[in-house]
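Q: Could we go through how the helices pack in this one, and then turn to the ligand?
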Amino acid sequence: MSSVVDNIIYRSMTLEDIPAIIAIEQEAFTSPWTAEAFTNELTNNMFARYMVMEESGQVLGYGGMWIIMDEAHITNIAIRSDLRGNGLGHKLLEQMQRTAVFFEAVRMTLEVRVTNELAQHLYRKYGFQSSGIRPRYYSDNDEDALIMWAELDIERLKTGESMF
Ligand SMILES: CC(C)(COP(=O)(O)OP(=O)(O)OC[C@H]1O[C@@H](n2cnc3c(N)ncnc32)[C@H](O)[C@@H]1OP(=O)(O)O)[C@@H](O)C(=O)NCCC(=O)NCCS
């Protein structure tokens with residue numbers, strides 16, 4: 001699956017993308033996933049959908065989710081650190097919500113560090129609301145996770161209309 005918006009290509013992640021993904025993952029997260037973890041997701045997890053955001057052959061960011069029945073659970077989302085703050089996170093999340101609706105999800109959930117206010121701010125713009133805490137969810141520093149849920153605006157996401 002792929003689509004082109006504003007010269008940015010959104011397409012399914014492949015095994016060949018993993019080195020570029022790992023480079024972004026390592027600068028984005030204190031407990032980054034390994035190449036093996038991504039390989040496993042792409043080859044063994046029938047619920048997994050991973051998307052790459054690309055321009056002129058360069059990976060700008062990526063996002064992944066598990067779509068189970070009518071629920072999409074975001075596993076990770078990251079933009080290359082030198083490109084952050086330019087609206088790419090908005091665009092990627094929008095495209096992930098469109099993809100979730102394409103696969104017939106009606107709601108979306110994720111966990112985010114309680115201190116990651118920037119990501120929470122972005123998620124709230126896309127309909128996410130906090131619904132609880134997973135205590136000490138992140139083992140690197142025992143930080144709590146905020147659980148967030150969004151009801152997907154199916155009619156808007158099925159059309160070309162963008163929030164951003
Ligand atoms: C979270 C992340 C994906 C957002 O991507 P991004 O491209 O930087 O986000 P955008 O440029 O679309 O900006 C999103 C919002 O954050 C704000 N923002 C972005 N960078 C900012 C900064 N350095 N300081 C303050 N606000 C900032 C933007 O102004 C925007 O808010 P607005 O819509 O009110 O203007 C990106 O920061 C990232 O990869 N972070 C590391 C990984 C991570 O934390 N992932 C989420 C795990 S749950």
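A: Axes here are lines fitted to C-alpha atoms, for helices over the stretch in contact, with angles running from 0 to 180 degrees between N-to-C directions, and helices are DSSP runs (H or I, at least four residues) numbered from the N terminus. This is a predicted model, in which local features need pLDDT of at least 70 and side-chain atom pairs count only at pLDDT 80 or more, while totals for chains, interfaces and linings use all residues. Residues are numbered from 1 along each chain as its sequence is written, and side-chain values use heavy atoms, leaving out hydrogens and water.
Q: OK, at what angle do α3 and α4 pack?
A: Helix α3 (residues 88-102) packs against helix α4 (residues 117-125) at about 50°, and their axes are 10 Å apart. The two are therefore oblique to each other, a class left for angles outside under 35 degrees (roughly parallel), over 145 (roughly antiparallel) and 65 to 115 (roughly perpendicular).
Q: Which residues meet there?
A: Gly-89, His-90 and Leu-93 of α3 meet Leu-122, Tyr-123 and Lys-125 of α4, contact meaning heavy atoms within 4.5 Å.
Q: Switching to the ligand, which residues come nearest?
A: Of the 20 residues around the ligand (a heavy atom within 4 Å), Gly-87, Gly-89, His-90, His-121 and Lys-125 come nearest.
Q: And how far are the polar atoms of Gly-87, Asn-116 and His-121 from ligand oxygens?
A: A polar backbone atom of Gly-87 is 2.7 Å from a ligand oxygen, an N or O atom in the Asn-116 side chain is 2.8 Å from one, and a polar side-chain atom of His-121 lies 2.6 Å from one.

Definitions and conventions: A polar contact is a pair of N or O atoms within 3.5 Å; within protein, one must be able to donate a hydrogen and the other to accept it, and residues adjacent in sequence count only if both atoms are side-chain atoms.
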